[in-house]
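Trainee: Could you take me through the place where the ligands sit, slowly and in plain words? I'd like to see how the pieces there fit together.

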Amino acid sequence: AKRDRRGGVVVFNADQAERLDRQRQVEGALLSADLDHQLFLLYQPIFDIRDNRCVGFEALARWHDERLGLISPGEFVPIAEHNGRINLITRILLAKALSEAKTWPSGTYLSFNLSPHDLASADTMLRIISLVQASGFDPCRINFEITETAVIRDFAQAIESLALLRNLGVSVSLDDFGTGYSSLTYVHKLPLSKIKIDRSFVSDVNCRPASAKIITSVLSLCRELDLGAIIEGVETQEELETLKALGAQVVQGYYFSKPLTPAAARSLALNAGAA
Ligand code: C2E
Ligand code: CA
Ligand code: CA
Ligand code: CA
């Protein structure tokens, strides 16, 4: 323990110090890394459980740094949002995703996560549009996932960015639905195509009656508003059975598959098409 200026003992929290140190390392690496080569994507299948078909994949970012090893997006995305690297990361990842998704059968869509900082940057939005157009990948097969944080930051700018995307012909889904503060306000004010119901509702669907009721009402809200609904984070057969009984149609989660390498995703997509 150290002494502070007034002579009192500062409780030295080793965990906190370690975390801060790691954060600095990741931040430093992020600035010097050859992100073009070190970033890659895994693809988690999205299933229609009415016919057990893989209808699309969500692209999930991974970063492999030589010194730090594999770093999850939960760790590096917030840091990149803080130091301004996120826009570049989005562009690198989207280019990769579009070229990998081009090898999928035509019925399979690509779902790609955008950061609130991407929607806040007019320049980034224009570059995203150029990337999509230059790729030759049908915009109808692209879905961008956004969170309500994007909208809270700057409502007018977010609306403008979403309008650009919808004009491009892509669909847009609201991610992590139910975890924010005023999701319902946004659902009807934004040009959305789908809602992704957060996995926190699924994980206690069998032990908290309220969670099942919330899922039921969100599913019915989606039907009323003509929005697609995707349920995230299905981990067990039991959860799946309950969700089926509640009327779920499109789901995603470890029970079906972890995020897959591009090659594994491609062969799943090809098999799903043949079945
Ligand atoms: P998210 O968009 O909500 O993505 C879902 C996360 O849940 C992924 O973690 C996925 O691997 C994980 N997951 C999927 N099924 C299950 C399940 O059944 N159980 C559990 N416990 N987890 C499941 P991941 O890949 O670590 O990504 C974490 C977050 O990082 C994402 O949450 C998203 O917010 C962000 N992220 C990932 N890729 C990108 C990206 O390319 N761009 C941006 N801006 N953010 C990204
Ligand atoms: Ca997502
Ligand atoms: Ca989510
Ligand atoms: Ca999330």
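Mentor: Sure, here is a walk around ligand 1 and then the calcium ions.

Some ground rules come before that. This is a predicted model, where local features need pLDDT of at least 70 and side-chain atom pairs count only at pLDDT 80 or more, while totals for chains, interfaces and linings use all residues. Residues are numbered from 1 along each chain as its sequence is written, chains are lettered from A and ligands numbered from 1 in the order in which they are written, and side-chain values use heavy atoms, with hydrogens and water left out.

Start with ligand 1, which takes up the space of the largest pocket. (A pocket here is found on a 1 Å grid over the protein atoms alone, as an open set of points with protein on both sides within 12 Å along at least five of seven lines; a molecule sits in it if more than half of its atoms lie within 2 Å of its grid points.) Strands β4 (53-65) and β8 (171-177) and helix α3 (73-83) each give two or more residues to the shell around ligand 1. (Helices are DSSP runs of H or I with at least four residues, strands are runs of E with at least two, and both are numbered from the N terminus.) The largest share, four residues, comes from β4.

There are 22 residues around ligand 1, and Ala 61, Arg 62, Asp 175, Glu 235 and Tyr 254 come nearest. (To be around it, a residue needs a heavy atom within 4 Å.)

Now look at the oxygen atoms of ligand 1. One is 3.2 Å from an N or O atom in the side chain of Glu 58. A polar side-chain atom of Asn 113 also lies 3.2 Å from an oxygen atom of the ligand, and 3.2 Å is the figure for Arg 199 too.

Glu 58 and Asn 113 turn up again at the calcium ion called ligand 2: its protein donors are Glu 58, Asn 113, Glu 145 and Asp 175, lying 2.1 to 2.3 Å from it. (Donors are N, O and S atoms within 2.8 Å of the metal, or 3.2 Å for Na, K and Ca; water is not among the atoms, so sites may look incomplete.) Glu 58 lies in β4 and Asn 113 in β6 (residues 109-113), so the pair ties together parts that are 55 residues apart in sequence.

Next door in our tour, Asp 175 bridges ligand 2 and the calcium ion called ligand 3, which lie 4.0 Å apart. Ligand 3 is coordinated by Asp 175, Asp 176 and Glu 232, at 2.2 to 2.6 Å. Asp 176, in strand β8, also coordinates the calcium ion called ligand 4, at 2.5 to 3.2 Å.

Notes
Polar contact = N/O pair within 3.5 Å; in protein donor to acceptor, adjacent residues only side chain to side chain. 1 Å grid on protein atoms, 1.4 Å probe; cavity = no way out; pocket = protein on both sides within 12 Å on 5 of 7 lines; lining within 4 Å.
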